[in-house]
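This report concerns the internal spaces of one protein chain, its domains and its local backbone geometry. The sequence and the structure are shown first.

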Amino acid sequence: MALVEVRNVKKYFSVTKGIVESLMTREATYVRAVDGISFEIEKGEVLGLAGESGSGKTTTGRLCVRLLRPTEGEIIYNGKDIATMKGKELRRMRRRIQFTFQDPTSSLNPRLKIGDAISDALKLQGIGSADERRGRTDEILERVGLSPASSFYNRLPHQLSGGQKQRVVFGRAIILNPEFVVTDEPVAMVDVSIKAQILDLMMDLKRELDLTYLFISHDLATSRHVCDRIAIMYLGKIVEVADRDRIYEDPLHPYAVGLMNAIPIPDPKAKKAEAVPRGEIPSPINPPSGCRFHPRCPMAFEKCPNEEPELRDLGNGRQVACHLYDN
Ligand code: SF4
């Protein structure tokens with residue numbers, strides 16, 4: 001059964017116009033960060049969300065945990081639409097779904113002891129006495145590998161390495177015993193040497209706490225190690241979804257093909273990885289007509305700039321939005 005169902009979700013941000021521009025046109029301008037996406041995440045699954053920067057991955061993640069409210073659409077979590085939830089109900093639901101930010105340094109208050117940063121969520125939710133919160137925080141510090149807890153509790157973020165800060169971020173995410181965690185580029189800011197340790201921690205927590213993850217990453221080589229399925233986003237749309245092995249070994253959408261060809265191979269004799277598909281990602285304020293990928297697509301044909309391809313189910317859990325697979 002799906003734990004999370006995202007149904008036709010859009011998120012538009014209005015753009016502030018200059019004086020001249022506002023005099024010339026009264027029409028509001030929007031950044032279409034997410035523009036009608038649907039997907040599901042099964043309980044216990046790790047769904048990877050991949051794509052270049054500017055594809056809408058982070059906005060999608062923030063919508064899934066209601067750090068942002070969608071412009072349109074439904075986000076069903078455990079059978080309830082959280083897109084419209086407010087007040088106490090939203091606060092209660094926040095115990096069950098958590099988000100880890102990309103940059104652990106900027107997501108931690110530099111003046112707050114890391115023990116307090118982790119236990120804050122308990123305080124905000126009114127859980128336990130001060131002693132109980134301290135006990136639970138020590139337990140979490142040990143659990144995320146910051147041991148002994150007593151020597152870490154009172155440290156400030158600047159006294160920790162990048163990897164230790166990322167462990168604090170995971171500690172803060174699990175203290176309320178969540179069910180679903182959206183993790184945004186969890187290893188993008190840590191040293192290559194400790195990347196594997198952080199990914200191992202993430203997967204150990206998944207097994208022990210029965211977590212479901214939405215794993216956001218532009219790094220497809222990393223996603224391959226941890227994800228069960230991958231969804232590829234381009235300019236606010238999902239263009240392909242498939243099981244991990246299927247999408248890495250046989251991507252269908254030309255954009256997915258380009259991303260896979262650009263994965264570096266750790267073998268000096270191997271052919272050099274190609275660049276990501278030619279050209280820049282266009283502006284989400286005024287996306288290209290028809291298939292949004294058509295100005296960069298090596299396979300584009302007549303229909304592509306004129307008709308937007310739908311995300312079609314091709315069977316075996318594979319969905320693709322490309323006119324090459326219309327039939
Ligand atoms: Fe390329 Fe056309 Fe497919 Fe878009 S619909 S990815 S432009 S072939």
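The sections below treat the domains, the pockets, the ligand site and two backbone features in turn. The model is predicted.

**Domains**

The chain is divided into domain 1 (2–96 + 178–281) and domain 2 (110–175). Taken over C-alpha atoms, the centres of domain 1 and domain 2 are separated by 27 Å. Where the domains meet, 18 residues of domain 1 are in contact with 11 residues of domain 2.

**Pockets and cavity**

The volumes and lining classes of the spaces are set out below.

| Space | Volume | Nonpolar lining residues | Polar lining residues | Charged lining residues |
|---|---|---|---|---|
| Largest pocket | about 560 Å³ | 12 | 5 | 4 |
| Second largest pocket | about 270 Å³ | 9 | 4 | 4 |
| Largest cavity | about 80 Å³ | 11 | 3 | no charged residues |

The largest pocket has a volume of about 560 Å³. Its lining comprises 21 residues, and Q98, F99, A121, L124 and R172 are the closest to the centre of the pocket. At least two residues of this lining come from each of β6 (97–100), α5 (114–124) and α8 (162–174). Both domains take part in the largest pocket: domain 1 (2–96 + 178–281) and domain 2 (110–175) each give at least three residues to the lining.

The second largest pocket has a volume of about 270 Å³. It is lined by 17 residues, and those closest to its centre are K237, I238, E308, P309 and A321. Two or more residues of this lining are supplied by each of β2 (30–42) and β10 (237–243).

**The ligand site**

Where does the ligand sit? The ligand is placed in the largest cavity. A search of the whole structure finds 1 cavity of 30 Å³ or more, and the largest cavity holds about 80 Å³ of space. Of the 14 residues lining this cavity, C291, C297, C304, C322 and H323 lie nearest its centre.

Which residues surround the ligand? The shell consists of H253, P254, C291, F293, H294, C297, M299, A300, C304, C322, H323 and L324. By class, this shell has 9 nonpolar and 3 polar residues, with no charged residue. The lining of the largest cavity likewise has no charged residue, with 11 nonpolar and 3 polar residues.

**Backbone features**

Most residues other than glycine have a negative phi, and most peptide bonds are trans. Two sites in this model depart from these tendencies.

The peptide bond from S147 to P148 is cis, with omega near -5°. P148 belongs to the loop between α6 (130–143) and α7 (149–152). N78, a residue other than glycine, has a positive phi near 50°. This residue, N78, is found in the loop between β4 (72–77) and β5 (80–81).

**Summary**

The largest pocket draws on both domain 1 and domain 2 for its lining, whereas the ligand sits in the largest cavity. Around the ligand, the shell has no charged residues, while the lining of the largest pocket includes 4 charged residues and that of the second largest pocket also includes 4.

Conventions. Residues are numbered from 1 along each chain as its sequence is written. This is a predicted model: local features need pLDDT of at least 70, side-chain atom pairs count only at pLDDT 80 or more; totals for chains, interfaces and linings use all residues. Side-chain values use heavy atoms; hydrogens and water are left out. On a 1 Å grid over the protein atoms alone, a cavity is a set of points where a 1.4 Å probe fits but cannot get out, and a pocket is an open set with protein on both sides within 12 Å along at least five of seven lines; lining residues have an atom within 4 Å of a point. Grid points are joined across faces, edges and corners, and a volume is the space filled by probe spheres set on the points. Helices (H or I, at least four residues) and strands (E, at least two) are DSSP runs, numbered from the N terminus. Ala, Val, Leu, Ile, Met, Phe, Trp, Tyr, Cys and Pro count as nonpolar, Asp, Glu, Lys and Arg as charged, and the others, Gly among them, as polar. Domain bounds come from an automatic or database domain assignment. A residue is near a molecule or strand if one of its heavy atoms lies within 4 Å of it. A molecule sits in a cavity or pocket if more than half of its atoms lie within 2 Å of its grid points. Contact means heavy atoms within 4.5 Å.
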